[in-house]
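Reader: I'm new to this one and would like to learn how to read it. Could you show it to me and take my questions as they come?

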Amino acid sequence: MAALLNLSHRGRFVLLCLLWVALCKVGAGQMRYSVPEEIEKGSFVGSVAKDLGLEPLALAERGARIVSRGRTHLFALNPRNGSLVTAGRIDREELCAQSAQCLVSFNILLEDKLSIYSVEVEIKDINDNAPRFGVEEVELKISETTTPGFRIPLKSAHDADVGENTLQKYEINSNDHFSLDVRSGVDGNKYPELVLGRALDREEEAVHYLVLKALDGGDPIRSGTSRIRVTVLDVNDNAPVFTQSEYWVSVPENTPVGTRILTVTATDADEGYNAQVTYFLEKNPEETSEVFELKSSSGEITITKSLDYEDAKFHEIDIEAQDGPGLLTRMKVIVTVLDVNDNVPEFYMTSATSSVPEDSLPGTVIALFNVHDRDSGQNAFITCSLPENLPFKLERSVDNYHRLVTTRVLDREQFSSYNITVTAKDGGSPSLSTDAYILLQVTDINDNPPTFPHTSYSAYIPENNPRGASIFSVMACDPDSNDNAHVTYSLAEDTLQSTPLSSYISINSDTGVLYALRSFDYEQFCELQLWVTAQDGGNPPLSTNVSVSIFVLDQNDNTPEILYPALPTDGSTGVELAPRSAEPGYLVTKVVAVDRDSGQNAWLSYRLLKASDPGLFSVGLHTGEVRTARALLDRDALKQSLVVAVQDHGQPPLSATVTLTVAVADSIPDVLADLGSLESPATPEDSGLTLYLVVAVAAVSCVFLAFVIVLLALRLRRWHLSRLLQASGSGLAGVPASQFVGVDGVRAFLQTYSHEVSLTADSRGSHVIFPQPNYADTLVSQESCEKKDFLSEPQFLPEDKQETFSQQAPPNTDWRFSQAQRPGTSGSQNGDETGTWPNNQFDTEMLQAMILASASEAADGSSTLGGGAGTMGLSARYGPQFTLQHVPDYRQNVYIPGSNATLTNAAGKRDGKAPAGGNGNKKKSGKKEKK
């Protein structure tokens, strides 16, 4: 038996050990403390650091703080000693009302690892509230026939404290008729009753004044009093009686105001007035009396204020039933409030960050929050969710705590911010939900270099630009933000013509505008190749290069530069030599010029700006070649001054001039001799003589013009007579009229006048030469003209108001000219050699008369030509080898008076024969001048 008892004791010990270990494991995650109410702020509650196994200062280092749901913080953490202290005045009655145990729960958060610990503090009651009665004075009416021992329930007092500090006893003042008895109810409350100890005698004492005193068990003891006024009545010995000793009713919290929830009923065994029952609500300090209304006559209880399950889960209503004389009975109604889903979930953001770097790793905590629903049961079951396609997720923790974390690496360039909507939904029917919005900014890191829209740029700028002018701009974009997107521009180091590029071009580091630091010259360089670097402001910075080509456009800023003829360095004037035997088109010299510009600005054209004799020389428009426009005559001045202008095709065009001095002579000694005799007129008499010579030449020209008119009239008359002879059928009708020429007409036509007038500024005097006229007095037949031919020389007729008739002179022995030396329209080698052949009979007959006259001279031997047989006297003039077959066709090269065009025989071209020269009289005239 002793062994069995020993085993039972050991089993109990083992069970106690196991129970202690289980309790330790259960309480390992929760800390419990207790503290009395109404203690001073900062009072010690418990050592949190010690209970968590941490050093006192470790709580502050780990970011410990108290987290509670929507409630004013009653406690605080002391960072110096790691203890839990009160944060203010704590009133237990305000927190827990009449609850037997008052517990305050909250959490302690360690922010470094986001750890949550539950803390429960019990608020202990102190005797800080005295018992209080609902009314200060109570009036009782008792019949005088009431027998001793009759009990009258009295108004009970209310003490907000609990335990020993709550109401403990009642006392009544000393009197002869009444005593006090206290009854305990089923709820544990004490209800006083006034007990009649001795029969009443209204005639002896109609009213009794008593004082009811309620005392609690605190230290010191607190008390409250209520005055009782007892009126003695006649015969009413039955109090009302309720049908139930206690009423229970359940009401949903959303029941509308004014709804009847219950009707209480009490009956009185008396009759008449003594049986009339009236119902009253017992007033108490709580709000229950304001929520319900009791109709005194019917006992109906209605709702006067909306019920809220979250504020009070039940209500206790004390109802008194009083009969007419004043006897009453008390009864309690307990109203249970049923929960409905009328509260949406509530968010309490514990910790949240407003920004996160875009390179944060997946799993980074963005926010920690708690969701609470004031409803109960299924209505308080909460589920949280996020919208789809967001790089975030929710992780559930203890006590409805949730963490918002990232699921992948963020990219600020795609989304710079997220407006995250967290939806909390309860389990009620219908379900209620609420949204919480978390605005998260994704902070930038420098992960993108600046980019240019184009891989290369080209800019065009005219030369001679002003210094400091803006010539181009580049812009790079960086998708980053703030300093990482701040782009600065710079030029890469380079050289141009051994000079740093930075001395030519600069760039605005903020705007990317390129500026020219100097005026560009196309002739120095036409292209600039540079590299622009765009660098952001990140750490480390990123950069990008782009090629910029600047092309300098040419402007017409250079005048043509004449290379030849160059100005002599000794101060003398250069002289070009032109032989007097030069044919039209003879190349005298060539003006060579260049333009440093390019393109159209460098296209040069030449023109003769000024000349001593305007018609003597011509200048090639594009070649600059100075050629003779006609054959040189004896009357032409020895010294010819030409001003040649060279002009480009720019806008506006620029030009340069050069003065050429052309000496007309066959050799340099002749030039020196002739130049020594040329002087300018120094006296007024020389100028007067020149005037007289001009007047004389004008008069002779008028006479010559009249002679030509008369000659034309005679020719017309003779032509008319020949036509008449043909019509009359004379013996000469078979012979064409153009084959016979009258001697008088030929003599009149062949009379020549030669005028040579020197009017140049360099000649000392002017002279007029009138050679003797030459007549041909022999009329030859058609046959002699067919057998014999002669060399006709060109005749120069009046042009530009100057008439020059030179006596025929022997031609130059070298009269055969090449095709390039053959005179033409402009003296060019490739000019058009076609002309206009005389197209009327009169001109043709004049030409035939000239030929016949020359043939007549050869026939009678009086010609100065001389010659042998079969040569028509031409051998002496042209050489012994000259025969009739060498005589050129007169149609091969004929000058039309008044024009510089040349008639060319096509047959002569085919035979390769060169036309006869037109300067055969130059040597003779030169000899006359020497004589």
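Reader: Let me start with a single residue: does Glu-193 count as buried or exposed?

Author: Burial is judged by relative accessible area: buried means under 20%, exposed means over 50%, and partly exposed is in between, using a 1.4 Å probe and protein chains only. Glu-193 has 10% relative accessibility, so it counts as buried. Before we go on, this is a predicted model, where local features need pLDDT of at least 70, side-chain atom pairs count only at pLDDT 80 or more, and totals for chains, interfaces and linings use all residues. Residues are numbered from 1 along each chain as its sequence is written, and side-chain values use heavy atoms, with hydrogens and water left out.

Reader: What does the chain average in pLDDT?

Author: pLDDT is the predictor's confidence in each residue, from 0 to 100. Here the chain averages 75, and 71% of the residues score at least 70. Over residues 14–28 the value stays under 50, and the model has zero contacts (heavy atoms within 4.5 Å) there beyond four places in sequence. Residues 851–931 also stay under 50, but for them the model has 168 contacts beyond four places in sequence.

Reader: Back to Glu-193. Which residue forms a salt bridge with it?

Author: Side chains of opposite charge can pair when their charged atoms come close. The cut-off used is a side-chain nitrogen of Lys or Arg within 4 Å of a carboxyl oxygen of Asp or Glu. Glu-193 pairs with Arg-183, and their closest N and O atoms are 3.3 Å apart. Glu-193 sits in strand 14 (residues 190–196) and Arg-183 in strand 13 (residues 178–184), so the pair ties together parts that are ten residues apart in sequence. Strands here are DSSP runs (E, at least two residues), numbered from the N terminus. Arg-183 is partly exposed, at 43% relative accessible area. Both residues belong to a salt-bridge network with Arg-151 and Asp-181.

Reader: How many salt bridges does the rule give?

Author: The count comes to 24. Another one joins Asp-318 to Lys-332, with the closest N and O atoms 3.8 Å apart. That pair links distant parts of the chain, Asp-318 being in strand 24 (residues 314–322) and Lys-332 in strand 25 (residues 328–338), 14 residues apart. Asp-318 is buried at 15% relative accessibility, and Lys-332 is buried at 13%.

Reader: Which cysteines form a disulfide?

Author: A disulfide is a covalent bond between the sulfur atoms of two cysteines. The test is a pair of cysteine sulfur atoms within 2.5 Å. The structure holds one, made by Cys-96 and Cys-102, whose sulfur atoms are 1.8 Å apart. The torsion about their S-S bond is about 65 degrees, so the disulfide is right-handed. Both cysteines are buried.

Reader: And the surface: which residues make the nonpolar patch?

Author: Patch residues have over 30% relative accessible area and no salt bridge; like charges are joined within 9 Å, and nonpolar side chains (Val, Leu, Ile, Met, Phe, Trp, Tyr) within 5 Å. Areas come from the Shrake-Rupley method with a 1.4 Å probe, and for residues only the protein chains shown count as cover. Leu-563, Tyr-564, Val-592 and Val-594 make a patch of about 300 Å². Strand 43 (561–564) and strand 46 (592–594) each supply at least two of its residues. Val-594, in strand 46, is partly exposed at 34%.

Key: Helices (H or I, at least four residues) and strands (E, at least two) are DSSP runs, numbered from the N terminus.
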